[in-house]
Amino acid sequence: MKALKARFLVFLALWGAWLVLTAPWSGEEAIAGAAAALLVAVLPFFPASPLCDLRLGPKPLAYSVAFGFVFLKALVLSNLDVAFRVLHPRLPIAPGIVKVKTALKTPLGRLLLANAITLTPGTITVETRGEDLYIHWIKVAAADPEGATEAIVSQFEKYLEVICG
Amino acid sequence: MAEILGACISLVGAVFFLLSAIGLLRMPDAFTRMQTGTKATTLGSILFLIGIGVMRPDYLGRTVLLAGFIALTNPVSSNALARAAHGFRKRLGARLEPDALAADEPIAASAPQEAEHGD
């Protein structure tokens with residue numbers, strides 16, 4: 001059942017990418033793309049696709065859209081933050097590496113969380129070990145794991161827990 | 001009209017690339033350079049591609065797809081770079097306080113010494 005879901009999601013992802021790439025659509029192209037995507041999804045090239053960690057349904061879908069917006073907002077804010085720090089005459093930085101804990105269990109969820117953290121203001125994921133993430137923080141505001149988790153992780157975690165906990 | 005709008009969006013993206021370049025020159029060590037290098041180039045590339053998509057609407061789907069791939073892969077590469085840099089932190093001379101990752105590595109730090117004693 002789980003393998004079937006993973007294959008279905010691989011098919012959807014490949015066919016979606018194909019449809020976007022061949023933008024002025026024609027029926028034959030769409031059918032050819034669907035056949036090729038189906039072939040790739042059915043042949044055993046992706047035995048353990050991380051896509052099977054995604055949850056399907058209206059609530060995870062709504063949370064994915066919300067996560068997209070939160071992510072874009074964080075991306076823009078982080079760029080303004082970079083601009084501020086780079087152009088500030090005294091270069092206001094106090095870098096350090098802090099440890100945070102995540103409640104996410106699946107590899108896909110942790111990957112998305114690590115990526116999101118890298119693109120949020122002032123933080124880069126350096127290493128993940130199990131449920132611990134080590135974050136390089138350009139101006140450390142809270143050195144203890146609890147405070148750092150609250151400041152860095154929690155804004156994304158509540159969405160990712162629903163999407164692919 | 002779409003041409004001008006797309007050009008303006010691309011210009012904003014180029015400004016972020018410029019900020020990233022200034023950051024690479026001004027920041028003191030590898031990790032802080034990575035901070036500017038990752039974030040500003042990600043949004044810069046995305047805005048640049050979206051700008052091209054707005055100028056040529058038939059390319060918009062493709063550029064959005066490219067922007068998605070950049071948003072997925074750019075943080076992964078910076079993660080790999082940061083991890084490698086942390087392995088060489090003593091030679092790089094980066095100021096990190098606190099350094100939770102080094103503090104959690106008693107085994108890795110003491111293992112070579114034990115190996116020397118064993119030999």
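How many residues of the lining of the largest pocket are nonpolar, how many polar and how many charged? The legends below take up this question, and the model they describe is a predicted one.

**View 1. The lining of the largest pocket, by residue type.** Here is the answer to the opening question: 36 residues of this lining are nonpolar, seven are polar and one is charged. The pocket they surround has a volume of about 1600 Å³. Its lining counts 44 residues, and those closest to the pocket centre are A:Leu51, A:Leu54 and A:Leu112 from chain A, joined by B:Gly68 and B:Leu72 from chain B.

**View 2. The helices around the largest pocket.** Chain A offers helix H1 (2-21), helix H3 (58-87), helix H4 (107-118) and helix H5 (145-164), while chain B brings H2 and helix H3 (60-87); each of these elements gives two or more residues to the lining. Look for H3(A) in particular, as this helix gives the most, with 10 residues.

**View 3. The two domains of chain A and the pocket between them.** The domain assignment splits chain A into domain 1 (2-49) and domain 2 (58-164). Their C-alpha centres lie 32 Å apart. Because both domains give residues to the lining of the largest pocket, the pocket lies between them.

**View 4. A close look at B:Thr41 in helix H2 of chain B.** This helix covers residues 30-55. With a relative accessible area of 18%, B:Thr41 is buried, because the cut-off for that term is under 20%. The B:Thr41 side chain reaches the backbone oxygen of B:Thr38 at 3.1 Å. Leaving aside residues up to four places away in sequence, B:Thr41 touches B:Phe17, B:Ser20, B:Thr36 and B:Asn74.

How values were computed: Residues are numbered from 1 along each chain as its sequence is written. Chains are lettered from A and ligands numbered from 1 in the order in which they are written. This is a predicted model: local features need pLDDT of at least 70, side-chain atom pairs count only at pLDDT 80 or more; totals for chains, interfaces and linings use all residues. Side-chain values use heavy atoms; hydrogens and water are left out. Domain bounds come from an automatic or database domain assignment. Helices (H or I, at least four residues) and strands (E, at least two) are DSSP runs, numbered from the N terminus. Buried means under 20% relative accessible area, exposed over 50%, partly exposed in between (1.4 Å probe, protein chains only). A polar contact is a pair of N or O atoms within 3.5 Å; within protein, one must be able to donate a hydrogen and the other to accept it, and residues adjacent in sequence count only if both atoms are side-chain atoms. Contact means heavy atoms within 4.5 Å. On a 1 Å grid over the protein atoms alone, a cavity is a set of points where a 1.4 Å probe fits but cannot get out, and a pocket is an open set with protein on both sides within 12 Å along at least five of seven lines; lining residues have an atom within 4 Å of a point. Grid points are joined across faces, edges and corners, and a volume is the space filled by probe spheres set on the points. Ala, Val, Leu, Ile, Met, Phe, Trp, Tyr, Cys and Pro count as nonpolar, Asp, Glu, Lys and Arg as charged, and the others, Gly among them, as polar.
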